[in-house]
Amino acid sequence: MRKTYLSDDSDEEESKSTHKNIKILIIGDKKVGKTSFITRLTRGYYTMFYQPTKNIEIHREVKIGDMLVTCWDIPPHIKYHFKLKSLEADAVILMFDTKRPETKERVTEYWKIMYKQLRKLPYIFVVGVRNPPGTKGNGIHYIDNMSTDGYNELLYHIQTTLIG
C-alpha cells in the first residue's frame, strides 16, 4: 500500500521492498512540539492534549514518499548514549519553539554533546515551531503544528535529502 506526504492515495501493486527504512530522532526541549509533530505525521491530526514524554518513544512507521520512517521522540531529560547502535539514526530533527529563544540555544547544546559521540553523522534538520510571521530561511525549517504551514515543505525536504 502506498501513502505519500501529499495524499492518501493507495497503490496496492507496489512492493514494500522498494521502500527505504529511515530512522529519525526528534530532539528538543519539553513543550516545543516534538510529539505534536510526530502525531501529525503518523496519525494525520493535531491534538490539543499535552502529555509530557517521559521516556524515549518509538512511533509506528509512516510512509513519506518512498521511505518508511520510524520516529523516535527523545525527551530532554534522557541522557544521550549515541554510541549505542540502537540510537544511530539516518536523520535528526532539532526542534525548538520560536517564541522561546532559549529552546533553540538548548537544542543546539544537546547537539554539540551528541555529535561527538556518533560514529556516523546523520542529516540534521533544524525546525522552529510556531513560526513568527514572515520568518524564512537561514537553514531552518519553520512549521506550525496547529496548521500545515511549512509541514509539507519539511517532509519534502526530508525525502529529497535522504533518498534523492
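**View 1. Glutamate 88 and its contacts.** In this predicted model, glutamate 88 touches Lys23 and Arg119, once its neighbours within four places in sequence are set aside. Look for glutamate 88 in the loop between strand 4 and strand 5. With a relative accessible area of 25%, glutamate 88 counts as partly exposed, because that class lies between the under 20% of buried and the over 50% of exposed residues. Lysine 120 sits 32 residues away in sequence, yet the C-alpha to C-alpha distance from glutamate 88 is 7.8 Å.

**View 2. The largest nonpolar core.** This one holds 24 residues, and Phe37, Ile93 and Met95 have the most contacts inside it. Several elements chip in at least two residues each, among them strand 1 (20–28), helix 1 (34–43), strand 5 (91–97) and helix 3 (151–163). Helix 3 gives the largest share, five residues.

**View 3. Isoleucine 93 up close, plus a second core.** Skipping neighbours within four places in sequence, isoleucine 93 is in contact with Ile24, Leu25, Ile26, Ile27, Phe37, Phe125, Val127 and Ile158. There's also a second, separate core, this one of 17 residues, including Ile27, Phe96, Trp111 and Tyr142.

**View 4. Helix 1 against helix 3.** The two axes come within 12 Å and cross at roughly 80°, so helix 1 and helix 3 are roughly perpendicular to each other. On the helix 1 side, the contact is made by Phe37, Arg40 and Leu41; helix 3 brings Tyr151, Leu154 and Leu155. Sorted by class, that's five nonpolar residues, one charged and no polar.

Notes
Residues numbered from 1 in each chain as written. Predicted model: local features only at pLDDT ≥ 70, side-chain atom pairs only at ≥ 80, totals over all residues. Heavy atoms only, no water. Core = buried A, V, L, I, M, F, W, Y, C linked by side-chain atoms within 4.5 Å. Buried < 20%, exposed > 50% of the residue type's maximum accessible area, 1.4 Å probe, protein only. Helix = DSSP H or I, 4+ residues; strand = E, 2+ residues; numbered from the N terminus. Contact = heavy atoms within 4.5 Å. Axes fitted to C-alpha atoms, helices over the stretch in contact; angles between N-to-C directions. Parallel < 35°, antiparallel > 145°, perpendicular 65-115°, else oblique. Nonpolar A, V, L, I, M, F, W, Y, C, P; charged D, E, K, R; others polar.
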